[in-house]
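Here are my notes on the model you sent round. They deal with the ligand site first and then with the remaining space in the protein.

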Amino acid sequence: MAEELVVTKTAGKNQKYEELLPQIKGLIQDEPDMIANLANVAAALHQSFGFFWVGFYIVREEQLVLGPFQGPIACTRINYGKGVCGTSWKEDKTIIVEDVEKFPGHIACSSDSRSEIVIPLHKEGKVCMVLDIDSDKVNDFDATDQKHLETIMKMLENTF
Ligand code: SME
């Protein structure tokens with residue numbers, strides 16, 4: 001049985017990630033089921049930071065298909081190279097969008113989303129899914145988020 005997640009509410013972003021990382025590692029390292037781990041990572045990030053939407057899109061043939069997430073209902077399928085998620089998949093890199101209105105081709109699952117970060121995950125050297133986080137604030141993501149989220153994605157990759 002998982003213990004309760006504990007993150008200092010008043011802490012800055014970097015400290016929150018530093019508190020969260022070992023707890024996420026503890027949650028997923030002995031669990032081989034991918035869906036269970038994706039679900040708990042989405043919940044842990046949503047609960048700790050209060051992001052508007054946190055979830056995974058999984059590569060299924062030529063599309064990304066909605067996986068475990070926390071937040072309002074979302075688009076179920078995204079084509080290769082489309083939107084922020086499809087671009088992250090195609091270019092195989094993390095993408096930070098400071099203002100979604102300025103990203104050509106951004107797919108608006110909700111009009112409340114203002115900024116976004118998408119991080120690819122890999123299996124056998126290929127992108128197998130992406131983590132997508134949306135904020136209702138403009139410019140809410142930076143290199144601190146990228147660094148820690150990429151570390152969490154590496155932890156997840158080790159459980160596949
Ligand atoms: N905005 C994303 C689509 C997914 S939703 O934000 C949950 C995109 O442009 O790929």
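The points below concern a predicted model.

1. Where the ligand sits. The ligand takes up the space of the largest cavity. The structure holds 1 cavity of 30 Å³ or more, and about 160 Å³ of space lies in the largest cavity.

2. Residues around the ligand. The shell has 13 residues, of which Val84, Cys85, Ile107, Glu116 and Asp134 come nearest to the ligand. By class, the shell is made up of 8 nonpolar, 2 polar and 3 charged residues.

3. Polar contacts. Two aspartates and one backbone atom should be looked at here. In the side chain of Asp134, an N or O atom is 2.7 Å from an oxygen atom of the ligand. For Asp132, the corresponding distance from a side-chain N or O atom to a ligand oxygen is 3.3 Å. Cys85 makes its contact through the backbone, where an N or O atom lies 2.8 Å from an oxygen atom of the ligand.

4. Cover. On its own the ligand has 310 Å² of accessible area, and the protein covers 99% of that area.

5. Elements behind the shell. Two or more shell residues come from each of β1 (53-60), α3 (83-91) and β6 (126-135). The largest share is that of α3, with 3 residues.

6. Lining of the cavity. With the protein atoms taken alone, 18 residues line the largest cavity, and the closest to its centre are Ile107, Cys109, Glu116, Asp132 and Asp134. Ile107, Glu116 and Asp134 are also among the residues that come nearest to the ligand. The lining divides into 11 nonpolar, 4 polar and 3 charged residues. At least two lining residues come from each of β1, α3 and β6, and α3 again gives the largest share, 3 residues.

7. A pocket to consider separately. Which residues are closest to the centre of the second largest pocket? About 160 Å³ of space lies in this pocket. Its lining has 13 residues, and Lys13, Phe49, Phe51, Lys137 and Asp140 are the closest to its centre. By class, the lining of the pocket has 4 nonpolar, 3 polar and 6 charged residues.

8. For checking against the display. Start from the ligand oxygen atoms and look for the side chains of Asp132 and Asp134, then for the backbone of Cys85. For the second largest pocket, Lys13 and Asp140 are among the residues to find close to the centre.

Key. Residues numbered from 1 in each chain as written. Predicted model: local features only at pLDDT ≥ 70, side-chain atom pairs only at ≥ 80, totals over all residues. Heavy atoms only, no water. Near = heavy atom within 4 Å. Polar contact = N/O pair within 3.5 Å; in protein donor to acceptor, adjacent residues only side chain to side chain. Areas by Shrake-Rupley, 256 points an atom, 1.4 Å probe, with all protein chains shown as cover. 1 Å grid on protein atoms, 1.4 Å probe; cavity = no way out; pocket = protein on both sides within 12 Å on 5 of 7 lines; lining within 4 Å. Sits in = over half its atoms within 2 Å of the grid points. Helix = DSSP H or I, 4+ residues; strand = E, 2+ residues; numbered from the N terminus. Nonpolar A, V, L, I, M, F, W, Y, C, P; charged D, E, K, R; others polar. Points joined across faces, edges and corners; volume = space filled by probe spheres on them.
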